[in-house]
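Visitor: Could you take me through one part of this structure up close? I'd like to look at the place where the two chains meet.

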Amino acid sequence: MEQQNLWQFMTQQHDKLIQQTLEHIGLTFISLFLALLIALPLGIWIARKPTASPFILGISGVLQTIPSIALLGFMIPLLGIGWLPAITALFLYALLPIIRNTYTGITGIDPNIREAAVAMGMNHWQVLWKIELPLAFPVIMAGIRTATVINVGVATLAAYIAAGGLGEFIFGGIALNNVNMILAGAIPSALLAILLDFLLSLVQHIDLKKLRFALWLIPLICIAAASSYFFSGTKDLKLKAGFTPEFMGRTDGDLGLKSIYNLDIKPVVISDAVMYKAAFDKKLDVISGYGTDGRLKAYNLIILKDDKKIFPPYYAAPLVRNEALIKFPELEGVLNLLAGRINDSTMTDLNYRVDYLHQSPQQVAKDFLVKAKLWKEPLPAGSQTVRIGSKIFGEQYILASMYGMLIRGNTRLNVSSKTGLGGTQICFNALKNNEIDFYPEYTGTGLLVLLHPSKQTLNRVTKSNDSTYDFVKKEFGKTFQMKWLKPIGFNNTYALMMRRQQSSELQIQSISDLKRYLDH
Amino acid sequence: MIRVEKLTKLYNKIPAVSDISFTIKKGQNMVLLGTSGCGKTTTLKMINDLIHPDSGEVWLDEVSTRKMKPEVYRKKTGYVLQNIALFPHFTIAENIAVVPRLLGWDKDKIRRRCLELLEKLHLSPDKHYSIYPHQLSGGQQQRVGLARALAAEPSILLMDEPFGALDPITRASIKKDIAQLDEFKDKTIVLVTHDVQEAFELGDIICLMDKGEIIQQGNPEELLFKPASAFVSGFFKEQQLLLEYQNTTLHKLFRWLPETHTFVQNLISVSPDEKLWQAFEKLNTAGKSLLVIKDSGGRQKYADHGALLHAFTTYKNTIA
């Protein structure tokens, strides 16, 4: 693949960049504006009601401590996906700094000054407008600035729930190990935070005489900026698609759909964690997914046939460092015990138990091994330890557990598991840097993400399942001194999915059917 | 005029002020005197409802405050705080203009009034008009505080230890200016202080308070010469003699002063309204001399140190 610099990437993707930036500004300011509407009066109120202040500050403090990704997660069952849960979450995050600073600003005023104001004959509103708000103004503005900067940061996570923003680039870039893409999202969002903070600092030092002006200005700015979200792009198509950030940037993903199928489905970007549920809830109609995902079964989704073969095979097999194979001669044989033992539907079922029935991966792994008559009581372990890695999703956990049990049952090696190593790149780097000895990898991933072959090579080696495996095995041995052991059997390829019912109603069985349906 | 009837304020069921009543006639100055925690400030703040009484009633110029909104009568009641508490984000002029603005005066009138008050309180209209409070000294700030209280020409002025935060020299200079200002002459004033000297200096009536109750109220002489209880005499004990000299007019001593004199080197004429203390001061500064006092009936009497002391002792014996 040709090396591209950041500037070239940003120029090439400027449409998306502008759209994402506008969405980002919009998300930040809609939520900030709503937070102002609630937090300012609330802050003023608790400043006058000392009994209520610990309660209100406590609640908003607790909201602040919820990890942002978890808060977004809580929102989905209540509010679905898209801008509504994103803005709600951002709104909740913006509350605390504004409430607390309004409260602190007002209660920090010398009580004698307030008494003087009352003694001069001011009523509650006059004391508030003429004395309390102007004197607390710098402190309140500091809170608004904090909230704005927090919101710009948290708004990147909106990309996980199909609300757009610069997080689309950031998470796509992380998933694809594309530094330019990460930076194209991260730099604008950092600049945005700095710029907004700077602009608000100008407002903060505005002459107090013009306070009324400033107080009108802030909501106006908010509304103006907020509207950018809705100008940033209309996504209206007969079917609504949602793809993961990773899928968006891959040749065997959205790019392939565009170039090979000529299918521009205008997808929203959404996290894998909520995508299947969103399809089930009819928030989305077409999603990208994995061929053996348990949620396929749980949510009654079907895979659209890839009739033009853009998704290369993703056969899972243990990827082992050559050194480890030499150090533990018995390892290869044990790992190959699983070769060819799990087909697509079995794997889907195992995933279903973990992802949907919430059984533990260890339990599911053990049940399978027992049923397959592969399970043995662990042997007393010696001093040597094999380190197993896995990426951060259920299927990998199950496979890692199975391998751990097989090693313990058949050898005197110890096992340490490093599960949850994030995405492909993190896992692969851990293997390369001798932090783990092996992890389950997929041939397609090895081919596209790690090897970056030329187009001709790609066309040649994706013709059949075996040619992909052979090519990957040969190249890894040469380039990385790693060995692909025998495939486990199932093919966890990328796929487009729809709800079974909708697919039969619209008679869409393959991606070409989908293309035809959308063109009419 | 201020009339206060049976005011009571409880904090945690303990009375801070209990059952206080007094009347201040138009133009009179009343001083609420007492130690810290005696309830004098609470009493003052109940007059303009900064503290809401648990029971009792206040009349301002014959109208019960129960029939008015506090915001309304507070605008007609000047208020001066010990901590001065000017509004830090307002200029000096804006600080002075607060109440006139609330009352909706027109801009020209407000401006003229500000300039007038700056002049009267010996501040500079040029230099001080549009600067901020923190740029002024403590004494200047309290002058602005007084101007703010006087701005809308209230008939009533409430002052909570107005000179408490000032050094003695600044305090004396402000008091002198106040004494000369006609703005203060026709006002009904309530002033809170713990300073006995100040109380006798400024009060037409002194109301001595202790533990939330009025122990004695009356004019300065009554408190000095007819103390209602041992507490009252005890309160003034340390400064008793000085206060007596300062609060006895020559008029009171007139009948016991000699009508003739033996030797005259230097005669100084004094009014019978002058205080005994001032008479002594004049004798001291002028060297060997004699005072000549003429009463309204045209009679003339003469006094030196000895004669004044003799007359004062006799006077005290007659009123005791």
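**Where chain B meets chain A**

Guide: Sure, let's start with the count of salt bridges between chain B and chain A, which is 1. Keep in mind that this is a predicted model. The partners in that salt bridge are Lys45(B) and Glu115(A), and their closest N and O atoms sit 2.7 Å apart. As for polar contacts, 3 residue pairs between chain B and chain A make them, with both residues at pLDDT 80 or more.

Now look at which pieces of chain B face its partner. Helix H2 (70–75), strand E6 (77–80) and helix H4 (98–102) of chain B each give at least two residues to the side that touches chain A. Sort that side of chain B by class and you get 12 nonpolar, 5 polar and 6 charged residues.

What about the contact as a whole? Chain B brings 23 residues to it, and chain A brings 18 residues. Together the two chains bury an area of about 1,800 Å², with 69% of it coming from carbon and sulfur atoms. If you want three residues to find on screen, try Phe87(B), His89(B) and Leu102(B): they supply 31% of the area that chain B buries against chain A, more than any other three residues.

So, to recap the picture from chain B: Lys45(B) has its salt bridge with Glu115(A), while Phe87(B), His89(B) and Leu102(B) supply 31% of the area chain B buries against chain A.

Note on methods:
Residues numbered from 1 in each chain as written. Chains lettered and ligands numbered in written order. Predicted model: local features only at pLDDT ≥ 70, side-chain atom pairs only at ≥ 80, totals over all residues. Heavy atoms only, no water. Contact = heavy atoms within 4.5 Å. Buried area = accessible area lost by both parts, 1.4 Å probe. Salt bridge = Lys/Arg side-chain N within 4 Å of Asp/Glu carboxyl O. Polar contact = N/O pair within 3.5 Å; in protein donor to acceptor, adjacent residues only side chain to side chain. Helix = DSSP H or I, 4+ residues; strand = E, 2+ residues; numbered from the N terminus. Nonpolar A, V, L, I, M, F, W, Y, C, P; charged D, E, K, R; others polar.
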